[in-house]
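User: Please take a close look at one part of this model, the surroundings of a single buried glutamine, and then set that part beside the other features that can be described with care.

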Amino acid sequence: PSLETAEFFKNSVAVYRPIILGRQQIGTLYIRMDLGQGNKRYGFFLEIALIVLIVSLTVAYFLSNVLARNISAPIVNLASTVRHVSEKKDYAIRAHAESRDETGLLANAFNDMLVEIEARDRELIDYRGKLETLVEKRTTQLEAANKELEAFSYSVSHDLRAPLRHIDGFADLLTMRAEKLLDEKGRRYLKMISDSVKEMGALIDDLLTFSRMGRAEMKVSSVDVGKVVTDVILSFAPECEGRTIVWNIDTLPTVQADASLLRMVFQNLLGNAIKYTRPRDK
C-alpha cells in the first residue's frame, strides 16, 4: 500500500508504512504485532479492578453497618424518645446511651433535662394540690365570714327598726294631735321626719341586700341616674338646712344597674360632699 494504514485482526494488528526515496516509493514497511499478551494483561487488570471494586463495596457495606449501629441508631433512638416526650408529655422515659461518644453525651444531656423537667412537674403538681387545699380552706372561711356578716346584719337591722318604728309612730301621733296647731313649716318638718324614717328603713333593707351580695345575684334593671341623684339630694334636705349649696346636675343617662346599690353609692358620695364642705359659705 502507498498509504499509511493499519489493519486489526482477532489477536493482532498490522501497520503499513511506505518507504520513500526522493519522490518514489521504493518499498513498504510492514509490521505486525501480536495482541494476545496485551489482551491477557488487560483481562488481568480488569480482574484486579473488579476484585478491588468488590472488596471496596464489601468494606463500605460493613463500615456503613458499623456507622449505622454506632451513630445512626443512637440518633434515631434519641429522636424517637424526643417525639414520645413531645406527644405524650411523659417525662419518666429515658434515652438509651449506647456509647460514650458525642451521641452518648447528647443522650445523657437529654436525660438530665428530662430529670429536671420531671422534678419541676412533680413540684407543680404538689403546689397545685396545696393551692387547691388552700383555696378550699379560704373558701370555707369566707363562707363562714359571710354567714357571720349576714347574721350581724340581721341583728343590727332588727335593733335599728325598733327605734325607727317608735319615731314613726310618735310622728304620726303628733301629726294627728297637733296638725291644726302647727304652721306650714312645722307640718313640713313632721313630713320630713316621716320620710326620713321610711328612708332609713329602705337603707336597712339595702344593707341586708348588700350583706347577701356574696350569695345572691344583683337585681339589674334600667335605672334613671338623674332621678336617683335628685331623690338622694332631696333626702339630704335636713342636712342642707341653713346652708347655701349649689347643685350642678348635668344630663345623666339611664343605665343597667342595681337601683338600691347605685342609690347607696350616690348617698355616700353626696353625703361626704355635704359633710366636708360644711366650713364653706357657699
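Analyst: A residue counts as buried when its relative accessible area is under 20%, as exposed when that value is over 50%, and as partly exposed in between. In this predicted model, Gln267 has a relative accessible area of 12%, so this residue is classed as buried. Its place in the fold is helix α6, which spans residues 259–276. Once the neighbours within four places in sequence are left aside, the contacts of Gln267 are with Glu199, Leu203, Val232 and Phe236.

Two of those contact partners, Val232 and Phe236, lead on to the largest nonpolar core, which has 13 residues and in which Val229, Val232, Phe236, Leu262, Phe266 and Leu270 touch the most other members. Helices α4 (225–235) and α6 each supply at least two residues of this core, and the largest share, five residues, comes from α4. Phe266, one of the core members named above, has its own set of partners: with residues up to four places away in sequence not counted, Phe266 touches Val225, Val228, Val229, Val232 and Gly271. Val232 is therefore a partner of Gln267 and of Phe266 alike, given that each list of contacts includes it and that contact means heavy atoms within 4.5 Å.

Elsewhere in the chain there is an open sheet of three strands, ordered β1-β2-β3 and paired in antiparallel fashion. Strands β1 (5–8) and β3 (24–34) stand at its edges with a single partner strand each, so that one side of each has no neighbour in the sheet. On average, and with direction ignored, neighbouring strands of this sheet are turned by 20° against each other. Strand β2 (residues 12–21) runs antiparallel to β3 and is joined to it by 10 bridges; among the residues involved, Ala14 has Arg32 of β3 as its bridge partner.

The aromatic rings complete the picture, with a count of three aromatic pairs. In one of them, the rings of Phe44 and Phe45 have their centres 6.1 Å apart and their planes at 50°, so this pair is tilted; Phe44 itself is partly exposed, with a relative accessible area of 47%. In another, the ring centres of Tyr61 and Phe62 lie 5.7 Å apart and the planes stand at 70°, so this pair is edge-to-face. Tyr61 and Phe62 are both exposed, whereas Gln267, with which this account began, is buried.

How values were computed: Residues numbered from 1 in each chain as written. Predicted model: local features only at pLDDT ≥ 70, side-chain atom pairs only at ≥ 80, totals over all residues. Heavy atoms only, no water. Phe/Tyr/Trp six-rings, centres within 6.5 Å; stacked < 30°, edge-to-face > 60°. Buried < 20%, exposed > 50% of the residue type's maximum accessible area, 1.4 Å probe, protein only. Helix = DSSP H or I, 4+ residues; strand = E, 2+ residues; numbered from the N terminus. Pairing = 2+ DSSP bridges. Axes fitted to C-alpha atoms, helices over the stretch in contact; angles between N-to-C directions. Core = buried A, V, L, I, M, F, W, Y, C linked by side-chain atoms within 4.5 Å.
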